[in-house]
Amino acid sequence: MGEIELREKIIGYLMKKTETSSYGVGKRESHDSSAFYKRSLYDGIFVKPTPKKEMSEIEIPLPEDWVSKIYCASSTNMEKVPENSVALAFTSPPYNVGKEYDDDMGLREYLKLIRDVGKDVYRVLRPGGRYVINIANLGRKPYIPMHTFYYDIHMDLDFLPMGEIIWQKAKGANGSCAWGSWMSAKSPRLRDIHEYLLVFAKQDFSRPDKGESDIGRKEFMESTLSVWEIPPESAKKVGHPAPFPVALADKVVRLYSYIDDVVLDPFAGSGSTCVAAANNNRYYVGYDISKEYCALAKQRILNEVAPKS
Ligand SMILES: C[S@@+](CC[C@H](N)C(=O)[O-])C[C@H]1O[C@@H](n2cnc3c(N)ncnc32)[C@H](O)[C@@H]1O
């Protein structure tokens, strides 16, 4: 696709009825942002949405016996999952910070793992499918801006960046105290109370197919804001060193997938994404390399997924 054609296509997605003025716009609905997307900022843009016709020719496998399973294997090769089959992947990768499941990998080796998994997620996602990655930045001396590496890797794999959500885990009083620099400009240290959810899409920003959404008006309005305040999950309660709350997965599942879609977690851990998917009438698929966590995820699914009426 030529550059002009591509720009016109992007403009087409975003073109509505109002226009961006130098003062911004009061209302986002029916907003014509074509002037914005024609600016040089978008010249040579990295995103390459696939033409609709090409996407319509892609065969989407139906969920069959490969769904509703936790696979105990590395997600660098999710051979049980057919290509173009998954609507949403939501995950929190190992952070490589010394949790009991973490190897002590160098940054390059670690990012290679994230890339290899991202590549296979791209393969299994259907056109318009989303990959939502929960990640935190690390350290202070220096600070490792992990999310910037994640953007580089996934955009290089042709994922389309759609936005990011700040997951606010605490109101503010928490976080370890920077006593070494107490009330001094000598070396004040920031105390993180947030993590990121990076949102990517495969081939298109919108789903080319039709489906049934089950998100209410109030939740949609809240979930489309870029800051989500949800308390963290207790590792002790779940029995995994770094679970995210099922409530977080619930919101992602309802915002980014339709009923009966397939939802994948390539680093499933204790199965939080799978529990959320099943309880929201989606199919789940989980991969984890640890036998212990695969067993835990299966048990949580048995305990926490409500029986279908
Ligand atoms: C941050 S935890 C995920 C926690 C999960 N979100 C939950 O709520 O329980 C990361 C998981 O990745 C798993 N893991 C590490 N390397 C892996 C690999 N190559 N393939 C699949 N899973 C892997 C670890 O065993 C760990 O359970």
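Which polar side-chain atom lies 3.1 Å from a nitrogen atom of the ligand? The legends below answer this and walk through some close-up views of a predicted model, in which local features need pLDDT of at least 70, side-chain atom pairs count only at pLDDT 80 or more, and totals for chains, interfaces and linings use all residues. Residues are numbered from 1 along each chain as its sequence is written, and side-chain values use heavy atoms, with hydrogens and water left out.

**Figure 1. Polar contacts of the ligand (pairs of N or O atoms within 3.5 Å).** The atom in question belongs to S74, whose side chain offers it to a nitrogen atom of the ligand at 3.1 Å. An oxygen atom of the ligand is 2.7 Å from an N or O atom in the side chain of D288. At F244 the backbone takes part: one of its polar atoms is 3.0 Å from an oxygen atom of the ligand. The protein buries 96% of the 600 Å² that the ligand exposes when taken alone (Shrake-Rupley areas with a 1.4 Å probe).

**Figure 2. The shell around the ligand (residues with a heavy atom within 4 Å of it).** Here you can find 22 residues, of which H240, F244, S270, S272 and D288 come nearest. By class, 13 are nonpolar, eight polar and one charged (Asp, Glu, Lys and Arg count as charged, and Gly is among the polar).

**Figure 3. The second largest pocket, where the ligand sits.** A pocket is an open set of points on a 1 Å grid over the protein atoms alone, with protein on both sides within 12 Å along at least five of seven lines; lining residues have an atom within 4 Å of a point. To sit in one, a molecule needs more than half of its atoms within 2 Å of its grid points. The volume is about 560 Å³ (the space filled by probe spheres set on the points). Among the 29 lining residues, P94, Y101, F267, D288 and I289 are the closest to the centre of this pocket. The lining has 15 nonpolar, nine polar and five charged residues. At least two lining residues come from each of α4 (107–124), α9 (272–279) and β10 (283–288) (DSSP runs, at least four residues for helices and at least two for strands).

**Figure 4. Backbone details at P142 and Q203.** K141 and P142 are joined by a cis peptide bond with omega of about 5°; P142 lies in the loop between β5 (125–135) and α5 (146–156). Q203 is not a glycine, yet has a positive phi of about 70°. Look for Q203 in the loop between β7 (194–201) and α6 (217–223).

Definitions and conventions: Polar contact = N/O pair within 3.5 Å; in protein donor to acceptor, adjacent residues only side chain to side chain. 1 Å grid on protein atoms, 1.4 Å probe; cavity = no way out; pocket = protein on both sides within 12 Å on 5 of 7 lines; lining within 4 Å.
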